[in-house]
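Visitor: I would like to go through this model with you. Could we begin once it is on the screen?

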Amino acid sequence: MKAKERILNICTELGEDLDSPGCKQLRAYVESCPDCAAFVDSVKKTILLYQSYPPKQSANRMERLFKRLNLK
Amino acid sequence: MAGAKTKQQSTGEFALVRAAQAGDAEALKELVQRYEETVYNFAFKVCRSEEAAEDTLQEAFLSILTALKSFNYKSNFSTWIYRIVSNSCLMKWRKEKPERWESFEELDHPEERIQDSYTRWPDSPADKMLHRELQTEMDKAILALPPVYRLAFVLKDLEGLKIQEVAKSLDISVPAAKARIRRARLFLRDRLEPYVQN
């Protein structure tokens, strides 16, 4: 199996944090494989990008919600 | 609300839920106020527009209030809320776009899309958030994901739930939740790469 496939199958298959123990075990190996490191890094940065995107807020939202729920 | 709550937080919250279930209007209002922002932000991350997020917020709270008496204290209230909101989103999408429900060829065999080589992304991709074009592409990419994948990604990677909570919120097995998160991450990564690299 190719190194990249191993990373893809083991690290991302965990479906957990990319810093989870399973991924950490692979770190030494990944560091010796520039392609693998770049791949894992790019997945982390994809998540980071979405985490950095703040939800756009609308004014008086709570008021409208209370009205819809018939709460005073 | 991200992640698991402490026992003390849950105890205080459960008292509030019990009062709301017993018909205490003030307790109900406090529950709504406490979770309004969380539900809206979650809805925005999934729907990617203020209008759709607010619509989802209102529909979700109508469902929450209807189902409140069925909350049985076997899970965190927050996990239960995520479950109700996720179901509300899924029902809405099922009506609107049934053809995009579960299967999505591009996501089914991610290993077939392994590239021969990978170029390292810039060290501060978040700086690129300043560029409107990237935000637009991020919205397009996540909206291109079928709802079941999108919800799994948002719950795990953006809301910070544990994998078991993601599975419970979506009423699926832990392995199924992991598979959806994995496929969603790879799909989004591939979609964003050209915009991040340039």
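Visitor: How many residue pairs are in polar contact between chain A and chain B?

Guide: This is a predicted model, and in it 13 residue pairs are in polar contact between chain A and chain B, both residues being at pLDDT 80 or more.

Visitor: Which helices of chain A supply the side that touches chain B?

Guide: Helix 1 (3–11), helix 3 (34–51) and helix 4 (61–68) of chain A each supply at least two residues of that side. Helix 3 of chain A gives the most, with 14 residues.

Visitor: How many residues does the contact take from each chain?

Guide: Chain A gives 41 residues to the contact and chain B gives 53 residues.

Visitor: And what is the area buried between chain A and chain B?

Guide: The buried area is about 4600 Å², with carbon and sulfur atoms giving 63% of it. On the chain A side, Leu49(A), Tyr50(A) and Tyr53(A) lose the most area to chain B, together 17% of what that side buries.

Visitor: How many salt bridges are there between chain A and chain B?

Guide: The count between the two chains is four salt bridges. Glu59(B) and Arg68(A) meet through their side chains in a salt bridge, at 2.9 Å from N to O. There is also a network of salt bridges that links Asp41(A), Lys45(A) and Arg120(B).

Visitor: Let us change topic. Which residues have the most contacts inside the largest nonpolar core?

Guide: They are Tyr50(A), Phe61(B), Phe77(B), Trp80(B), Phe153(B) and Leu192(B), in a core of 67 residues. Helix 2 (residues 25–47) of chain B provides the largest share of this core, 11 residues.

Visitor: Where does this core lie with respect to domain 1 and domain 2 of chain B?

Guide: It lies between them, because domain 1 (1–96) and domain 2 (100–198) of chain B both give residues to it.

Visitor: What does Leu192(B) touch?

Guide: Leaving aside residues up to four places away in sequence, Leu192(B) touches Thr46(A), Leu49(A) and Tyr50(A) in chain A, and Trp121(B), Leu134(B), Glu137(B), Met138(B) and Ala141(B) in chain B. A second, separate core of six residues includes Ala38(A), Phe39(A), Val43(A) and Leu186(B).

Visitor: Back to charges. How many salt bridges are there over all chains?

Guide: The count comes to 16 salt bridges over all chains. One pairs Glu13(B) with Arg34(B), whose closest N and O atoms are 4.0 Å apart. Glu13(B) is in helix 1 (residues 7–21) of chain B and Arg34(B) is in helix 2 of chain B, 21 residues apart.

Visitor: Is Glu13(B) buried or exposed?

Guide: Glu13(B) is buried, at a relative accessible area of 2%. Arg34(B), at 40% relative accessibility, counts as partly exposed.

Visitor: What about Glu159(B): which residue forms a salt bridge with it?

Guide: Its partner is Lys45(B), with the closest N and O atoms 2.5 Å apart. Glu159(B) sits in the loop between helix 7 (147–158) and helix 8 (163–170) of chain B, whereas Lys45(B) belongs to helix 2 of chain B, 114 residues apart. Both Glu159(B) and Lys45(B) are buried.

Visitor: One last pair: how far apart are the closest N and O atoms of Arg83(B) and Asp171(B)?

Guide: They are 3.1 Å apart, and the pair forms a salt bridge. Arg83(B) lies in helix 4 (residues 77–96) of chain B and Asp171(B) in the loop between helix 8 and helix 9 (174–197) of chain B, so the salt bridge ties together parts 88 residues apart in sequence. Arg83(B) counts as partly exposed at 30% relative accessibility, while Asp171(B) is exposed at 58%.

Definitions and conventions: Residues numbered from 1 in each chain as written. Chains lettered and ligands numbered in written order. Predicted model: local features only at pLDDT ≥ 70, side-chain atom pairs only at ≥ 80, totals over all residues. Heavy atoms only, no water. Core = buried A, V, L, I, M, F, W, Y, C linked by side-chain atoms within 4.5 Å. Buried < 20%, exposed > 50% of the residue type's maximum accessible area, 1.4 Å probe, protein only. Helix = DSSP H or I, 4+ residues; strand = E, 2+ residues; numbered from the N terminus. Domains from an automatic or database assignment. Contact = heavy atoms within 4.5 Å. Buried area = accessible area lost by both parts, 1.4 Å probe. Polar contact = N/O pair within 3.5 Å; in protein donor to acceptor, adjacent residues only side chain to side chain.
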